[in-house]
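Subject: Structure handover

Hello,

Here is the structure I promised to pass on. Please open it alongside this note. My findings follow.

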Amino acid sequence: MIGFRPARAGGTAGSGGVRSVALLAAHCDDIAIGAGGSLLTVCSAHPGVRVDALVLSGGGTEREDEEHAALTAFCPGADLRLTVLKLPDGRLPAHWDEAKGAVEELRARTDPDLMFAPHPGDAHQDHRGLARLVPTAFRDHQVLGYEIVKWDGDLGRPSVYQPLTPEVAEAKVTLLQQHYPSQRRRPWYDREAFLGLARIRGIECHARYAEAFHVNKLTLDLAGG
């Protein structure tokens, strides 16, 4: 198992710590489901880290309020800056220009050490579309593509893992249940689903629990410079 520390933008893996993080999602709750444990881990380890988050849909609804409360809890002690837009759910391909403009606006105001975003192999058209937009604006950044369990059965073979302590895994599930009441009616939105996937990913990286991510490119610095 190889350890990894995010690099500064334009740098290489292992060349520095985490001072800023960018989060991208098509829907409210995507970030917390896909990377909530990793956010709890990195924000607890780096107090005051800047977190810029962009969510493309849910603006002006109860879901925006849920997202503000949830990400505040998932990013303890962070300098959180969240934008929730009003693009219609399930229609991102028809709103490509607005989505691309929003991603470019995010890039104009942040130069993150690390990013969490959907991955291109996600079966949901909104997730997949956003994943394809990310590298058009963030070309020299380390992007971790998170996974979201769903009916489509699109879970693949991720290559990067963040082990989660049992305490963090439990906290993630608790916060998901607490802050997204609008989603509790969904048959897949439960403790067993979230902890079950985390347990499987933990097995794959010799940990009790973990979150897993897809990475398209990774630059190494084997000389340690």
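Start with the sheet. In this predicted model, 7 strands form an open sheet with mixed pairing. Their order is β3-β2-β1-β4-β5-β7-β6. The edges are β3 and β6 (160-164). Each has a single partner strand, so one side of each is left without a neighbour in the sheet. On average, neighbouring strands are turned by 25 degrees against each other, direction ignored.

Two helices pack on this sheet, as follows. Helix α1 (residues 30-45) touches β1 (20-25), β2, β4 (114-118), β5 (143-146), β6 and β7 (209-214). The direction of α1 makes about 115 degrees with that of β7. Helix α6 (residues 191-204) touches β6 and β7. The direction of α6 makes about 80 degrees with that of β7.

A closer look at α6

Which residues of α6 are buried? They are Phe194, Leu195, Leu197, Ala198, Arg201 and Gly202. Seen down the helix axis, the buried residues of α6 fall within an arc of 160 degrees, so they line one face of the helix. Their cover includes α1, β6, α5 (166-179) and β7. On the other side of α6, Glu192 and Ile203 are exposed.

The length of α6 also checks out. At 1.5 Å a residue, its 14 residues should span 20 Å. The end C-alpha atoms of α6 are 20 Å apart, which agrees.

Strand pairs and crossovers

Take the β3 side next. Strand β2 (residues 50-55) and strand β3 (residues 79-84) pair in the parallel sense. There are 6 bridges between β2 and β3. Within this pair, Ala53 stands opposite Leu82 in β3. Leu54 stands opposite Thr83 in β3. In a regular strand, side chains alternate between the two faces of the sheet. Helix α2 (residues 62-74) joins β2 and β3 in a right-handed β-α-β unit.

There is a second unit to look at. β4 and β5 pair in the parallel sense over 4 bridges. Pro118 stands opposite Tyr146 in β5. With helix α4 (residues 125-137), β4 and β5 make a right-handed β-α-β unit.

Where does the antiparallel sense come in? It is found between β5 and β7, which pair over 2 bridges. One partnership here is that of Gly145 with His214 in β7.

Residues worth a visit

His214 is in strand β7. Is His214 buried or exposed? Its relative accessibility is 18%, and the cut-off for buried is under 20%. So His214 counts as buried. Leaving aside neighbours within four places in sequence, His214 is in contact with His119, Val143, Leu144, Gly145, Glu147, Gly156, Arg157 and Pro158. Gly145 is thus both a contact and the bridge partner of His214.

Val84 is in strand β3, one of the two edge strands. At 11% relative accessibility, Val84 counts as buried. What does Val84 touch, not counting residues up to four places away in sequence? The answer is Cys28, Val55, Ser57, Gly58, Gly59 and Glu64. Val84 and Asp65 are 19 residues apart in sequence. In space, their C-alpha atoms are 9.6 Å apart.

Finally, look at two backbone angles. Asp29 has a positive phi of about 95 degrees, although it is not a glycine. Asp29 is found in the loop between β1 and α1. At 4% relative accessibility, Asp29 counts as buried.

His206 also has a positive phi, near 60 degrees, and is a residue other than glycine. His206 lies in the loop between α6 and β7. Is His206 buried or exposed? At 79% relative accessibility, His206 counts as exposed. So of these two loop residues, Asp29 counts as buried, whereas His206 counts as exposed.

To pull the main points together: the sheet is open and its pairing is mixed. Parallel pairs include β2 with β3 and β4 with β5, whereas β5 and β7 pair in the antiparallel sense. Helices α1 and α6 pack on the sheet.

Best wishes

Methods:
Residues numbered from 1 in each chain as written. Predicted model: local features only at pLDDT ≥ 70, side-chain atom pairs only at ≥ 80, totals over all residues. Heavy atoms only, no water. Pairing = 2+ DSSP bridges. Right-handed = clockwise from strand over helix to strand, strands pointing away. Axes fitted to C-alpha atoms, helices over the stretch in contact; angles between N-to-C directions. Contact = heavy atoms within 4.5 Å. Expected span 1.5 Å × (residues − 1). Buried < 20%, exposed > 50% of the residue type's maximum accessible area, 1.4 Å probe, protein only. Arc of directions from axis to C-beta.
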